[in-house]
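Thanks for coming, everyone. I'll walk you through one protein chain today. Please have the sequence and the structure open while I talk.

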Amino acid sequence: MARRPCRGAVAAFGGLFVALTAAVLPAAAAPSAAPAAEGTGRAYGAPNARALSRHAQRSGQLSAPGYRFSGKPVQGTADRQSAPAISPGQYLDSIGPNEERYYATDLDAASAADFSATAVPPPGAAVDSPDALHTKVVYGTDGSCESTTAMFGQREGAAPLTSGVSRIPSQRGTNSCDKAGRYWLVVERTAAKGAGAARWPLELTFHVEPPLAKGVAPAPAEPDYGAGGKDATLPTTAPEEVSGGTGFNDARLLHQGVWRDRILPAQTLWYKVPVGWGQQLRYDVEFAKEPKAKGAVTRTSFGSTQVYTPYRAPVGSGTGQFIPQVPYNGRVASLKMGTVPVSWTNRYETHPDVVPVHAKGDFYIAVTLGARAAQISQNSQIDLVLRVAVLGKEKAGPEAAATAVKSLATGGGSGSVAGRGGWPAIRVAGVSVGVVGVLLLAGLGTSYVWARRKPRPTGAAADPRKSGSC
């Protein structure tokens with residue numbers, strides 16, 4: 001496939017390209033709750049001028065579309081007594097290493113409450129496999145209703161990390177967390193000894209699910225993958241071009257079909273797929289074979305994927321049908337991922353891959369390529385293909401007697417980009433200042449740093465068939 005140059009910003013300074021260390025450069029003044037993030041630039045080995053130019057290009061591309069935040073500023077506290085009160089909505093805060101943040105809310109005795117926390121380390125930040133983000137809901141003096149943990153599971157560097165937790169009243173209504181009253185969301189970031197002191201931006205969401213109407217019997221739980229297991233039949237049509245988003249807020253809308261995108265090392269791309277009652281999401285991700293860089297030292301990086309519910313709870317935990325990570329060494333590497341069918345009653349199941357899949361809506365797909373792939377691939381970007389299927393007939397509602405919805409879906413579908421707002425994108429120039437001398441010795445004159453895509457106007461629609469990517 002022919003590669004096109006990006007039509008983006010050009011950095012040319014009288015024949016001398018000055019590479020910056022990784023640092024957060026907000027596009028506009030951040031809210032008062034926004035952190036002063038700490039840059040942790042990471043330079044990869046560049047054995048020759050061509051490799052150095054390739055690394056500079058990648059860094060420029062990564063700097064253009066940082067995670068696009070959205071939400072209302074809030075400042076969590078270290079204890080529950082002074083915790084700020086939150087209502088359903090989306091919020092922005094920050095969190096330091098080995099710190100807890102408390103947020104208070106009042107819940108009734110019948111509604112489910114769904115919380116999520118997404119930490120976004122600055123590009124280049126060092127992470128370790130056991131570094132994690134914990135979320136829990138607590139009630140009363142010591143009671144913990146539910147807790148979950150999301151771990152990085154790799155040592156190659158920063159990537160968005162999301163943990164989701166729900167307070168779901170029991171079927172009998174006799175548990176301690178079934179009571180109406182004051183509850184607290186607690187978010188904790190754990191980091192290895194010696195981790196950087198930088199605070200990470202934190203995006204929080206809070207949704208309330210009212211109970212079903214009195215007398216409505218929900219459809220039974222759907223705890224098995226069935227037709228959406230590892231051997232599911234997925235679309236095989238010619239791929240259409242698409243550009244993934246930077247996060248949950250601008251995830252690219254996809255429908256059933258085959259889609260082709262391009263991903264940079266250390267980048268995470270985001271997509272969303274509507275899934276109805278009684279349906280399940282099933283998809284494959286394929287990282288393409290790429291020519292290897294000459295003099296490459298690193299042999300293996302990784303590719304990974306995760307699927308999230310409409311309330312941003314991670315589904316593919318690796319304990320069930322699918323494994324979310326695969327080694328990448330420049331050859332074709334594939335991942336399978338999916339959900340069980342959406343059922344309101346799944347909330348009462350015990351398996352971690354089933355419980356979150358209890359509401360219809362947009363399910364989110366995140367695809368990450370490890371930072372070390374920059375030392376493996378000769379090309380600045382790596383092709384990836386997504387094969388997406390939404391299986392099963394959609395039901396009109398969660399009740400047992402719900403009728404099937406007439407399908408209006410088309411083969412490929414179209415995409416749109418959500419309106420942007422809130423905290424501006426994090427922008428990072430990710431090449432060490434130390435490369436300037438090498439650039440001079442290599443006689444590279446003027447270097448061009450191409451942005452991965454032009455920013456779109458707020459609220460503008462986008463066609464996934466026009467990728468706009470490099």
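**A buried glutamate and what surrounds it**

Let's start with one side-chain pair: Glu241 and Arg262 are joined by a polar contact of 3.1 Å between their side chains. Glu241 has another arginine to hand. Its side chain also makes a polar contact with the side chain of Arg260, at 2.6 Å. Where does Glu241 sit? It is found in strand E10. Is Glu241 buried or exposed? Its relative accessibility is 13%, so Glu241 counts as buried.

Now step back. Keep in mind that this is a predicted model. The chain has 470 residues, and buried residues make up 50% of them. Count the elements and you get two helices and 19 strands. Of the contacts with a separation of 6 or more, 79% are between residues 24 or more positions apart.

How confident is the predictor? Mean pLDDT for the chain is 79, and 71% of the residues reach 70 or more. Two stretches need caution. Over residues 1-47, pLDDT stays under 50. The model still has 125 contacts beyond four places in sequence for that stretch. Residues 410-470 also stay under 50 in pLDDT. There, the model has 198 contacts beyond four places in sequence.

Next, the sheet that holds E10. This is an open sheet of five strands, with mixed pairing. What is the strand order? Read it as E10-E12-E19-E14-E17. Which strands are at the edges? They are E10, residues 240-241, and E17, residues 333-338, and each pairs on one side only. So our glutamate, Glu241, belongs to an edge strand.

Look at the other edge. E17 runs antiparallel to E14, residues 280-287, and six bridges join the two. Here is one pair to find on screen: Val285 stands opposite Leu335 in E17.

Now the core. In soluble globular proteins, nonpolar side chains tend to be buried together. The largest nonpolar core here has 37 residues. Which members touch the most others? Tyr271, Leu281 and Val367 do. Several strands each supply at least two residues of this core: E12 (257-263), E13 (268-275), E14, E16 (325-328), E17, E18 (361-369) and E19 (382-391). E19 gives the most, with five residues.

Take Leu281 as a guide. Leave aside its neighbours within four places in sequence. Leu281 is then in contact with Val273, Val275, Val307, Gly338, Thr339, Phe363, Ile365, Val388 and Ala389.

Apart from this core lies another one, of 27 residues. Its members include Ala119, Leu133, Tyr183 and Leu204.

On to a second sheet. This one is open, has four strands, and pairs them in the antiparallel sense. The order is E3-E8-E5-E6. Why is one side of E3 and of E6 left without a neighbour in the sheet? Strand E3, 99-107, and strand E6, 143-151, stand at the edges, and each has a single partner strand, so one side of each is left open in that way. On average, neighbouring strands of this sheet are turned by 15° against each other, direction ignored.

Look at E5, residues 132-139, in the middle of that story. E5 pairs with E8, residues 181-190, in the antiparallel sense over eight bridges. Two positions show the pairing. Thr135 stands opposite Val187 in E8, and Val138 stands opposite Trp184 in E8. With E6, E5 has eight bridges as well, and those two strands run antiparallel. On that side, Val137 has Glu146 in E6 as its bridge partner. How many of the eight residues in E5 are buried? Six are, which leaves E5 mostly covered.

One last stop, in a loop. Ala373 is found in the loop between E18 and E19. Is Ala373 buried or exposed? At 0% relative accessibility, Ala373 counts as buried. Now find Tyr328. Along the chain, Ala373 and Tyr328 are 45 residues apart, and their C-alpha atoms are separated by 7.5 Å.

To recap, start at Glu241 with its contacts to Arg260 and Arg262. Follow the five-strand sheet from E10 across to E17. Then visit the core of 37 residues, and finish on the four-strand sheet. Thanks. Over to you.

Key
Residues are numbered from 1 along each chain as its sequence is written. This is a predicted model: local features need pLDDT of at least 70, side-chain atom pairs count only at pLDDT 80 or more; totals for chains, interfaces and linings use all residues. Side-chain values use heavy atoms; hydrogens and water are left out. Two strands pair if DSSP finds at least two bridges between them. pLDDT is the predictor's confidence in each residue, from 0 to 100. Contact means heavy atoms within 4.5 Å. Axes are lines fitted to C-alpha atoms, for helices over the stretch in contact, and angles run from 0 to 180 degrees between N-to-C directions. Buried means under 20% relative accessible area, exposed over 50%, partly exposed in between (1.4 Å probe, protein chains only). A nonpolar core is a set of buried Ala, Val, Leu, Ile, Met, Phe, Trp, Tyr and Cys residues joined through side-chain atoms within 4.5 Å. A polar contact is a pair of N or O atoms within 3.5 Å; within protein, one must be able to donate a hydrogen and the other to accept it, and residues adjacent in sequence count only if both atoms are side-chain atoms.
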